[in-house]
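Reader: I am new to this structure and would be grateful for a close look at a single part of it.

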Amino acid sequence: RDAEFADALKAPDALDRLEGFARRYPEDNRADNALFEAGVRAERTGQFERAGKDFERAVREHPAGDVMADAMLQRAAIYERVRAERSGRVPASVAG
């Protein structure tokens, strides 16, 4: 699993591989980290709904995980952004 996780972080298809790692090994102590990292990468590439789902899974499936608090904050920020985009306004955090 160590090599699989490390490879997933470096892979061109990292999003799919990180999500897959968390799905295959939900009991692994890196499953929450895999979901969090997938969320960060999805957000960076503009896949905000996917990012929100990854952060949500990290919170829901790994409530005692070491990234839970960060995932909650990221999830809230993503949901606000998606809601703002759907309503046609730009969130203050994005307006700069």
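Against which helices do the buried residues of α4 pack?

Author: The model discussed here is predicted. The buried residues of α4 pack against three partners, namely α2 (14-24), α3 (31-44) and α5 (68-87). Those buried residues are F48, A51, G52, D54, F55, R57, A58 and V59. An α-helix has 3.6 residues a turn, so residues three or four places apart point the same way.

The helix α4 itself comprises 14 residues, 48-61. At 1.5 Å a residue it should span 20 Å, and its end C-alpha atoms are indeed 20 Å apart, so expectation and model agree.

Among the partners, α2 may be considered in detail. Two packed helices are described by the angle between their axes and the distance between the axes. For α2 and α4 the angle is about 25 degrees, and the axes lie 12 Å apart. Because angles under 35 degrees count as roughly parallel, α2 and α4 are roughly parallel to each other. Their crossing is left-handed. On the side of α2, the contact is made by L15, D16, E19, A22 and R23, while α4 contributes R50, D54 and R57. By class, the residues of this contact divide into two nonpolar, no polar and six charged. Of the α4 residues in the contact, D54 and R57 are also buried.

The helix α2 also meets α1 (residues 2-10), their axes coming within 7 Å and crossing at roughly 155 degrees. These two helices are therefore roughly antiparallel to each other, and their crossing is left-handed. Here E4, F5, D7, A8 and L9 of α1 meet A14, R17, L18, F21 and R24 of α2. This contact has six nonpolar, no polar and four charged residues.

Conventions. Residues are numbered from 1 along each chain as its sequence is written. This is a predicted model: local features need pLDDT of at least 70, side-chain atom pairs count only at pLDDT 80 or more; totals for chains, interfaces and linings use all residues. Side-chain values use heavy atoms; hydrogens and water are left out. Helices (H or I, at least four residues) and strands (E, at least two) are DSSP runs, numbered from the N terminus. The expected span of a helix is 1.5 Å times one less than its number of residues. Buried means under 20% relative accessible area, exposed over 50%, partly exposed in between (1.4 Å probe, protein chains only). Contact means heavy atoms within 4.5 Å. Axes are lines fitted to C-alpha atoms, for helices over the stretch in contact, and angles run from 0 to 180 degrees between N-to-C directions. Angles under 35 degrees count as roughly parallel, over 145 as roughly antiparallel, 65 to 115 as roughly perpendicular and the rest as oblique. A crossing is left-handed if the near helix is turned anticlockwise from the far one by less than a right angle, and right-handed if clockwise. Ala, Val, Leu, Ile, Met, Phe, Trp, Tyr, Cys and Pro count as nonpolar, Asp, Glu, Lys and Arg as charged, and the others, Gly among them, as polar.
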